[in-house]
Structure formats: C-alpha cells, structure tokens
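Q: Got a minute to go through this one with me? I'd like to start with a strand pairing and work outwards.

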Amino acid sequence: QVQLAESGGGLVQAGGSLRLSCAASGRTFGTNVMAWFRQAPGKEREFVGAIFWSTGGTGATTTADSVKGRFTISRDDAKNTMYLQMNSLKAEDTAVYYCAAGRANIYVRLERGYDYWGQGTQVTVSS
C-alpha cells in the first residue's frame, strides 16, 4: 500500500500563487507516476498534470491545457514528494486538489490510471 498526503491548500486572491505538496509513503517502489487531479463543486474530477520517473531519476511531465504555462509539476526523489506550483491563479482554479500515484499506463490522464489517492486539499481563489 501507498499512502499519499497533500498539503499547501488555502485561500488566495486571483493572480496569486500557491504550492501544493504530496508526500508518498509506504510501498512506493511499485510506483513510477504521480499526478494531480482536481474537482470543483458540481463538476467531475479532472486531470491537472502528471510526472513520471524511473530508477535513473525524475523524467517527463504532462499538464492539462487549462493550466499549461501557469502550473508546474516537480518531484523531490529523495523525499518521495511531488509538488504543484500554481501561479496566476484564477477563480476557476477553485477546487479540491487530489494527489494520485500508480504505475505508468495509457490512462495517466484518467482516474482509472491510478491505484492510490490522497484525501485532497482545498484551494480557493477569490476574484
């Protein structure tokens, strides 16, 4: 089992920045992709971005078009922690942000692509 714990959410004004963290613990050796999803009130959970890694270190990232250029995903291999740096935040970024982990597969942009999920952290952007 892998445990994921998000942190860093909060209230921020439009145009501001936040950095979310997702710390992984447990049997993480079986995972090589982590992702961020978000779910706004009344909407389905949507993909934000993902980061892949191998034994050689952290590799590629992919992000949703809606956040491209504003959000950046990174990972500290030594800490087994993934980050989401969110800049130029908009009111429509308001959502609960979830961290997910699993083995890389063709469904990395879908919820079904992940075996493990965190509890989520609330991000509220005031306009």
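A: Sure. Let's start at Arg38, which stands opposite Tyr97 in S9. Keep in mind that this is a predicted model.

Q: Which strand pairs with S9 there, and over how many bridges?
A: That's strand S4, residues 33-39. S4 and S9 pair in the antiparallel sense, with seven bridges.

Q: And is S9 mostly covered or uncovered?
A: Mostly covered: seven of the eight residues in S9 are buried.

Q: What about S9 and S11, how do they run?
A: Antiparallel, joined by three bridges. Ala95 has Val123 of S11 as its bridge partner, and Val96 has Gln122 in S11.

Q: How many bridges join S9 to S10?
A: Two, and those strands run antiparallel. Ala101 is bridged to Tyr116 in S10.

Q: Back to S11. Which residues are on its covered face, and which on the uncovered one?
A: Strand S11 covers residues 121-126. Thr121, Val123 and Val125 make up the covered face, while Gln122, Thr124 and Ser126 are on the uncovered one.

Q: S2 joins S11 too. Parallel or antiparallel?
A: Parallel. Strand S2, residues 10-13, is joined to S11 by four bridges. Gly10 has Val123 in S11 as its bridge partner, and Val123 is also the bridge partner of Ala95.

Q: Changing topic: what's the strand order in the open sheet of four strands?
A: S1-S3-S8-S7, and the pairing is antiparallel.

Q: Which strands stand at the edges?
A: Strand S1 (2-7) and strand S7 (71-76). Each has a single partner strand, so one side of each is left without a neighbour in the sheet.

Q: What's the average twist from one strand to the next?
A: In that sheet the twist averages 15° from one strand to the next.

Q: How many bridges do S1 and S3 pair over?
A: Six, in the antiparallel sense, with S3 spanning residues 18-26. Val2 stands opposite Gly26 in S3.

Q: Now the surface. Which residues form the nonpolar patch?
A: Ile106, Tyr107 and Leu110, with about 310 Å² of accessible area together.

Q: Where is Ile106 found?
A: In the loop between strand S9 (95-102) and strand S10 (116-117).

Q: Why does Ile106 count as exposed?
A: Because its relative accessibility is 74%, and the cut-off for exposed is over 50%.

Technical notes:
Residues numbered from 1 in each chain as written. Predicted model: local features only at pLDDT ≥ 70, side-chain atom pairs only at ≥ 80, totals over all residues. Heavy atoms only, no water. Patch = residues over 30% accessible without salt bridge, like charges linked within 9 Å, V, L, I, M, F, W, Y side chains within 5 Å. Areas by Shrake-Rupley, 256 points an atom, 1.4 Å probe, with all protein chains shown as cover. Salt bridge = Lys/Arg side-chain N within 4 Å of Asp/Glu carboxyl O. Buried < 20%, exposed > 50% of the residue type's maximum accessible area, 1.4 Å probe, protein only. Pairing = 2+ DSSP bridges. Axes fitted to C-alpha atoms, helices over the stretch in contact; angles between N-to-C directions.
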